[in-house]
Amino acid sequence: MKEAILMKGNEAMAEAAIRAGADAYFGYPITPQSEVIEYLMHEEPQKRTGMVVLQAESELAAINMVYGAGACGKRVMTSSSSPGISLKSEGISYMAGSEIPCLIVNVMRGGPGLGTIQPGQSDYFQATKGGGHGDYRLIVLAPSTVQEMADFVDLSFKLAFKYRNPAMILSDGAIGQMMEKVYLPEQKERLSNEKIIELYGDWATTGKTANRERNIITSLDLKPERQEIHNIHLQEKYKMIEENETRYEEIRCEDAEYIMVAFGTSARLCQKVIQLGREKGLKLGLLRPITLWPFPKKPITDYAEKVKGFLSVEMNAGQMVEDILLAVEGKAPVEHYGRMGGMIASPSEILQALEEKLISNN
Amino acid sequence: MTTSVLTPEEIIKKGKVVFKKTKLINDVPLSYCPGCGHGVAHRILMEVVEEMGIWEDTIGVAPVGCSVLAYDFMNIDMQQAAHGRAPAVATGIKRVYPEKYVFTYQGDGDLAAIGTAETIHACNRGENIVIIFINNGIYGMTGGQMAPTTLEGMRSSTSPYGRMVQTMGYPIKITEMVAMLPGVAYATRQAVHEAKYVRKAKNAIKKAFENQRDKKGTSIIEIVSNCNSGWKLSPVEANKWLDENMLDYFPLGDIKK
């Protein structure tokens, strides 16, 4: 039987990366996620599995190392926090355009600018609506426990390779820094080149052999007719991901009159809010998007017919609330409550906001 | 009177083959201007890869700039990197494929302006890669703007009265700079605008790939080249201008070996 151990979110994720059979990690230190590269350097995965770990000279270099190694068909990842992800956004756009699978982890802190080193969720727009230039999407997973920090590594790689698309784990400083019980996954073997080709096709730059045409990894096509065809292909792929990979969790939604929608650290707070509300006779529920993109639009649309209102709880000025509004289609009141700048709301404060915004006003 | 017209095949049959295009250059029209040095640089690079028999194990990285489409012309697996990031991309490839041969092909804006940090740090780590650096002192692709290597007084569309070093800085000698780094095994400056230089440049490229094979560290080959379109000169005048102006500031020869 597997044994539970106590671990920091960042470290559990780093260990899970080794155990997922990742081929390489390229990173650059930034608070509050520096434990990821520190843990990997300390563990020397080169000796354990052959996994490469390299500290780059900048986030720009790190993401482009991911580009190079990822375009070789390898399981490659990087991690950073908000300002660093802004720097990486150029490379992320290139990888989306070139269809290079990889894993990018953002352990969010409050912004804008250098902002703060305390937790935030203000990169929701950046993660789900672009961040870099061009029409592209990332597969975005939002862990709310240390266990999910560990579990989402392998899941992200699987999704990234299935669709040849970058995947992102959008965590925050609280989940990254806190220690919690975690069951670590079993060690998987790193995939051989032959296995990668068998599983995912022969698209990567592995060296042109006589039995195939050369493989070119590029996002460029100077002919607009062909670039449009490429864009249509990407959009069709995104549609397929929306249809197949939307993930969410419902807590006490079956009889709820008011549904809170929250992810990551905010979703944990909302579980307490449900308890506090129900003690007062308020039927509260929580819908927790696990994939922020694709966003769980359908369950929200369905609940909009049944409930008296939604409260979006986020550690930002109101970003995911826009997607909830789109899903609700005006059929129920939608409000937002959020703290910013690294502040985390208390459950009683969220409950009070819910009562004021959704119940007193009705 | 009778005339006989020979087909191309018959002409080839009658003559002796003295030169053959390497199979690693594709049969597609090059996108470069007539007289541009990129064509020769591409050819000798691919000739070295063919002669060493390493084309199945070679992965190239194309830059942003005129040679962004290098992957259309070279018959090997290639990646196209964001502007300036080729040495980081090459690092990623080489770290997961230490037994493959990896090269970048970059221009002066790419390597010595926007990609300076990536260039210096790849060299400083002694990444076991080959960097081919084409220096023609101008941004060709975007239409002739000032490059980090534009000479003092040289005109471009963003230095229309000539480069004024007081406000625009000095032309950068980045090959000399990275030659100082212990990770760099070989740094040399070559040219391809005349036949006498082409053979030397090819030998330098060969030495660089041999260094990679022998895991000696980074090799950087700067090729001082022309840009007749950007310089607003005919191809012949451009080569003459290169001889008379570029080579004083960017002298040819090995900087570190």
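Two strands are taken to pair if DSSP finds at least two bridges between them. In the predicted model described here, strand 5 of chain A and strand 7 (residues 166–172) of chain A satisfy this criterion in the parallel sense, with seven bridges between them. Within this pairing, M108(A) stands opposite D172(A) of strand 7 of chain A. Strand 5 of chain A is also joined to strand 4 (residues 76–80) of chain A, through four bridges and again with the two strands running parallel, and here T78(A) is the residue that stands opposite I104(A) of strand 5. The connection between these two strands involves helix 5 (residues 82–98) of chain A, and strand 4, helix 5 and strand 5 of chain A together make a right-handed β-α-β unit.

The surroundings of strand 5 of chain A were examined through the accessibility of its residues. Seven of the seven residues of this strand (residues 102–108) are buried, so the strand is largely enclosed by the rest of the structure. Cover is found on both faces, since C102(A), I104(A), N106(A) and M108(A) are buried on one side, while L103(A), V105(A) and V107(A) are buried on the other.

Chain A as a whole has a secondary structure of 14 helices and 15 strands. Its radius of gyration is 21 Å, close to the 21 Å that the globule rule gives for 362 residues, and chain A is therefore as compact as a globular protein of that length. Taken along the principal axes, the C-alpha atoms of chain A fill a box of roughly 70 × 50 × 40 Å. Of the 362 residues in chain A, 60% are buried, and the chain exposes about 14300 Å², of which carbon and sulfur atoms supply 52%. When contacts in chain A are restricted to residues at least 6 apart in sequence, 78% of them join residues at least 24 apart.

Several features of the backbone of chain A merit separate description. Most residues other than glycine have a negative phi, and most peptide bonds are trans. Against this background, the peptide bond that joins T31(A) and P32(A) is cis, with an omega of about 10 degrees, and P32(A) lies in the loop between strand 2 (24–27) and helix 2 (35–43) of chain A. A cis peptide bond also leads from W293(A) to P294(A), with omega near 0 degrees, and P294(A) has its place in the loop between strand 13 (291–293) and helix 12 (297–304) of chain A.

Positive phi values are found at two glutamates of chain A, E44(A), where phi is near 50 degrees, and E99(A), where phi is about 55 degrees. E44(A) belongs to the loop between helix 2 and helix 3 (45–48) of chain A and is partly exposed, with a relative accessible area of 39%. E99(A), in contrast, is buried, with a relative accessible area of 10%, and is found in the loop between helix 5 and strand 5 of chain A.

Chains A and B both contribute to an open sheet of eight strands with mixed pairing, in the order 9(A)-2(B)-1(B)-3(B)-4(B)-8(B)-7(B)-9(B). Strand 9 (216–217) of chain A and strand 9 (253–256) of chain B stand at the edges with a single partner strand each, so one side of each is left without a neighbour in the sheet. The partner of strand 9 of chain A is strand 2 (residues 77–80) of chain B, with which it pairs in the parallel sense over two bridges, and M78(B) is the bridge partner of I216(A).

Strand 8 (residues 218–224) of chain B contains E222(B), which is buried, with a relative accessible area of 1%. The side chain of E222(B) makes a polar contact of 2.9 Å with the side chain of R189(B). Apart from its neighbours within four places in sequence, E222(B) is in contact with several residues, among them F133(B), N135(B), T175(B) and F250(B).

Elsewhere in chain B, D243(B) lies in helix 11 (residues 235–249) and counts as partly exposed at 28% relative accessibility. Leaving aside neighbours within four places in sequence, D243(B) is in contact with H193(B), E194(B) and Y197(B). The C-alpha atom of D243(B) is separated by 9.8 Å from that of N226(B), which is 17 residues away along the chain.

Key: Residues numbered from 1 in each chain as written. Chains lettered and ligands numbered in written order. Predicted model: local features only at pLDDT ≥ 70, side-chain atom pairs only at ≥ 80, totals over all residues. Heavy atoms only, no water. Buried < 20%, exposed > 50% of the residue type's maximum accessible area, 1.4 Å probe, protein only. Right-handed = clockwise from strand over helix to strand, strands pointing away. Rg over C-alpha atoms; globule rule 2.2 N^0.38 Å. Contact = heavy atoms within 4.5 Å. Areas by Shrake-Rupley, 256 points an atom, 1.4 Å probe, with all protein chains shown as cover. Polar contact = N/O pair within 3.5 Å; in protein donor to acceptor, adjacent residues only side chain to side chain.
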